[in-house]
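Hi everyone, thanks for making the time. I'd like to walk you through one model today, so please have the viewer open.

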Amino acid sequence: MLSAAAVSRALVLTTSFSPDGKTLALADIDKKMTLWDMETGEQQINSLGTFGAIRHLAFSSDGTLVAGGSLNNTIYLWNAQTGDEIAQWSNPDRGEGPYTGGVNDVAFSPDGKTLVVAYAD
């Protein structure tokens, strides 16, 4: 079982369970995304730091991908088995004017082929 003390010494911003419930994705204020094995309590993956704190996480329906949306309007896509970053998108236009709230949510479609991103305005 995973204990709260083992997870992160930094402020946790968001979490998401894999579809099978065996893995927990966690993002903290230190701009890191980690994956935890819920059965053993062991950390599986510790991603490299991101450019902005991850505010929302989502697994694809097959559990192979993890998407994250950050406070600096960047979207990340990781391989859930290896933690490797597959892609990164940024929308610099969102940082101008009233659009400075970062990514508000990320979600995969049920078939896992589409990633929807909502920005906080």
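Let me start with a term: two strands count as paired if DSSP finds at least two bridges between them. Helices and strands themselves are DSSP runs, numbered from the N terminus, with at least four residues of type H or I for a helix and at least two of type E for a strand. With that in hand, E5 and E6 run antiparallel and are joined by five bridges.

Some ground rules before we go on. This is a predicted model, so local features need pLDDT of at least 70 and side-chain atom pairs count only at pLDDT 80 or more, while totals for chains, interfaces and linings use all residues. Residues are numbered from 1 along each chain as its sequence is written, and side-chain values use heavy atoms, with hydrogens and water left out.

How confident is the predictor? pLDDT is its confidence in each residue, from 0 to 100. The mean for the protein chain is 83, and 80% of its residues reach 70 or more. Among the elements, E5 has the highest mean pLDDT, at 93, and helix H1, residues 4–7, the lowest, at 52.

Now the overall layout. The protein chain has one helix and 10 strands, and along the sequence the helix comes ahead of the strands, in the pattern α-β-β-β-β-β-β-β-β-β-β. Of the 121 residues, 43% are buried; buried means under 20% relative accessible area, exposed means over 50%, and partly exposed is in between, using a 1.4 Å probe and protein chains only. As for contacts, meaning heavy atoms within 4.5 Å, take those between residues at least 6 apart in sequence: 36% of them join residues at least 24 apart.

Let's look at the early strands. E1, E2, E3 and E4 form an open sheet in the order E1-E2-E3-E4, with antiparallel pairing. Strand E1 (12–17) and strand E4 (43–46) are at the edges with a single partner strand each, so one side of each has no neighbour in the sheet. As a reminder, strands of a sheet pair through backbone hydrogen bonds, either parallel or antiparallel.

Inside that sheet, E2 (residues 23–28) and E3 (residues 33–37) pair over five bridges in the antiparallel sense. Threonine 23 lies in E2, and its bridge partner in E3 is aspartate 37. Is threonine 23 buried or exposed? Threonine 23 counts as buried, at 13% relative accessibility. Leaving aside neighbours within four places in sequence, its contacts include Phe17, Leu35, Trp36 and Phe59.

In the loop between E2 and E3 you'll find lysine 31. Its phi is near 70°, a positive value in a residue other than glycine, and lysine 31 is partly exposed, with a relative accessible area of 35%.

On to E6, a favourite of mine. Six of the six residues of E6 are buried, so this strand is largely enclosed by the rest of the structure. Both faces are covered, with Leu65, Ala67 and Gly69 on one side and Val66, Gly68 and Ser70 on the other. On the E5 side of the pairing, leucine 57 has glycine 68 of E6 as its bridge partner. That hairpin has five residues between the strands, and glycine 63 takes a positive phi near 75° there.

E6 is also joined to E7 by five bridges, again antiparallel, with leucine 65 bridged to asparagine 79 in E7. Three residues lie between the strands of this hairpin, where asparagine 73 has a positive phi near 70°. Asparagine 73 counts as buried, at 6% relative accessibility.

Which elements feed the largest nonpolar core? First the term: a nonpolar core is a set of buried Ala, Val, Leu, Ile, Met, Phe, Trp, Tyr and Cys residues joined through side-chain atoms within 4.5 Å. The largest one has 12 residues, including Ala25, Leu35, Phe59, Val66 and Trp78. E2, E3, strand E5 (54–59) and strand E7 (74–79) each supply at least two of its residues, with the largest share, three residues, coming from E5. Another core, of nine residues, lies apart from it, and has Ala58, Leu65, Ile75 and Val103 among its members.

Last stop, the C-terminal strands. E9 (residues 103–108) and E10 (residues 115–119) run antiparallel and are joined by five bridges, and valine 103 has tyrosine 119 as its bridge partner in E10. In their hairpin, with six residues between the strands, glycine 112 takes a positive phi near 75°.

Methods:
pLDDT is the predictor's confidence in each residue, from 0 to 100.
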